[in-house]
Amino acid sequence: MERDHMKDLRRYLALKYIQYLVLSSANAVSTLLGLLGSAYTIIRLQSAKVSSKSTAVLISSLAQADILVFLSLVSDVVLGRFGVCPLASSLAQMLLVANAHVSCVLLSCVALEAYLITFLPSQSRPHRTVRNARLLSRAIWVLVAAECALFLLDDHLRASSSSVPSHGPLGLLLHISSTATALLRSLSYVLGILLRIANVYIYYKIFFSMSPRSRLKSK
């Protein structure tokens with residue numbers, strides 16, 4: 001049963017890699033498949049044998065990140081349609097940004113762990129623990145939440161910039177927020193490209209390291 005569970009998790013990871021690290025932009029089909037896959041994965045991870053693995057902790061956090069997509073749809077439809085919140089569209093967009101950033105980083109962490117398991121199994125075993133995986137997942141969520149909070153603050157300040165004097169504390173705060181947000185967006189873009197390159201390199205190394213073993217087994 002455990003082998004079947006891990007096979008399902010590998011298929012889910014393949015779906016998520018295509019959704020976040022291969023496709024240039026999200027679409028309705030990939031989003032729907034991602035939501036269904038995440039729901040199925042959360043159910044599968046209730047198995048004690050699977051959930052006791054550090055990789056499963058990262059995958060669980062990855063699946064839970066899709067809750068942000070659902071919240072984005074709710075906030076965009078409900079809050080935007082009924083005019084409850086003027087920044088509903090910004091909030092919905094930030095939820096999608098948070099989902100994408102959390103998912104990309106977690107996928108890269110899974111890839112790194114696969115690299116360590118393949119090439120440094122004994123040396124990395126003390127660090128590949130459930131506790132460390134949970135701490136890493138929480139740190140990723142906190143950092144992405146802080147990033148999106150800064151984006152929302154900048155959007156709010158820009159929306160009210162017409163009533164903010166250019167000189168004074170509020171004007172200075174607007175300038176600092178705009179500069180920090182622009183730098184953070186640039187950093188996020190560069191980091192996204194680097195993560196894609198790193199993931200391709202890691203799985204390239206793993207694939208070609210496993211190929212000779214497969215050929216030896218077939219002989």
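Buried here means under 20% relative accessible area, exposed means over 50%, and partly exposed is in between (1.4 Å probe, protein chains only). The model is predicted, so to speak of local features a pLDDT of at least 70 is needed, side-chain atom pairs count only at pLDDT 80 or more, and totals for chains, interfaces and linings use all residues. Residues are numbered from 1 along each chain as its sequence is written, and side-chain values use heavy atoms, with hydrogens and water left out.

## Overall picture

Let's start with the whole chain. The protein has nine helices and zero strands, where helices (H or I, at least four residues) and strands (E, at least two) are DSSP runs numbered from the N terminus. Reading along the sequence gives the pattern α-α-α-α-α-α-α-α-α. Of the 219 residues, 35% count as buried. Among contacts (heavy atoms within 4.5 Å) with a separation of 6 or more, 76% join residues 24 or more positions apart. The protein exposes about 13500 Å², and carbon and sulfur atoms supply 69% of that area. Accessible areas come from the Shrake-Rupley method with a 1.4 Å probe, and for residues only the protein chains shown count as cover.

## Helices α4 and α8

Helix α4 (residues 54-64) is mostly covered, with 10 of its 11 residues buried. Those buried residues are S54, T55, A56, V57, L58, I59, S60, S61, L62 and A63.

Helix α8 runs over residues 130-159 and has 30 residues. The expected span of a helix is 1.5 Å times one less than its number of residues. For α8 this gives 44 Å, and the end C-alpha atoms are 43 Å apart, which agrees. In α8 the buried residues are V130, A133, S137, I140, V144, E147, C148, F151, D154 and L157. That list includes the charged residues E147 and D154.

## Salt bridges

Side chains of opposite charge can pair when their charged atoms come close. A salt bridge is counted when a side-chain nitrogen of Lys or Arg is within 4 Å of a carboxyl oxygen of Asp or Glu. By this rule there are three salt bridges, listed here:

| Acidic residue | Basic residue | N to O distance |
|---|---|---|
| D8 | R11 | 3.6 Å |
| D8 | R44 | 3.2 Å |
| D66 | K16 | 2.6 Å |

Take D8 and R11 to begin with. Both lie in helix α1 (residues 2-22), three residues apart, about one turn of the helix. D8 counts as buried because its relative accessibility is 14%, whereas R11 is exposed at 54%.

Now for D8 and R44, whose side chains meet in a salt bridge. D8 lies in helix α1 and R44 in helix α2, so the pair ties together parts that are 36 residues apart in sequence. R44 counts as partly exposed because its relative accessibility is 26%.

The remaining salt bridge is between D66 and K16. This pair links distant parts of the chain: D66 is in the loop between α4 and α5, K16 is in helix α1, and they are 50 residues apart. Both D66 and K16 are buried. Through shared partners, salt bridges join D8, R11 and R44 into one network.

## Two serines

S38 sits in helix α2 (residues 28-44). At 2% relative accessibility, S38 counts as buried. Leaving aside neighbours within four places in sequence, S38 is in contact with Y12, K16, A63 and D66. K16 and D66 are the salt-bridge partners met above, and A63 is one of the buried residues of α4.

S209 lies in helix α9 (residues 169-218). S209 is buried too, with a relative accessible area of 18%. Beyond neighbours within four places in sequence, S209 touches T118 and F119. S209 and F119 are 90 residues apart along the chain, yet their C-alpha atoms are separated by 8.9 Å. A polar atom of the S209 side chain lies 2.8 Å from the backbone oxygen of I206.

## A nonpolar patch on the surface

Finally, a look at the outside. I67, F70, L71, V74, V77 and V78 make a nonpolar surface patch of about 490 Å². Patches are made of residues with over 30% relative accessible area and no salt bridge, with like charges joined within 9 Å and nonpolar side chains (Val, Leu, Ile, Met, Phe, Trp, Tyr) within 5 Å. One of the patch residues, V74, is found in helix α5 (residues 67-82). V74 counts as partly exposed because its relative accessibility is 35%.

Technical notes:
Polar contact = N/O pair within 3.5 Å; in protein donor to acceptor, adjacent residues only side chain to side chain.
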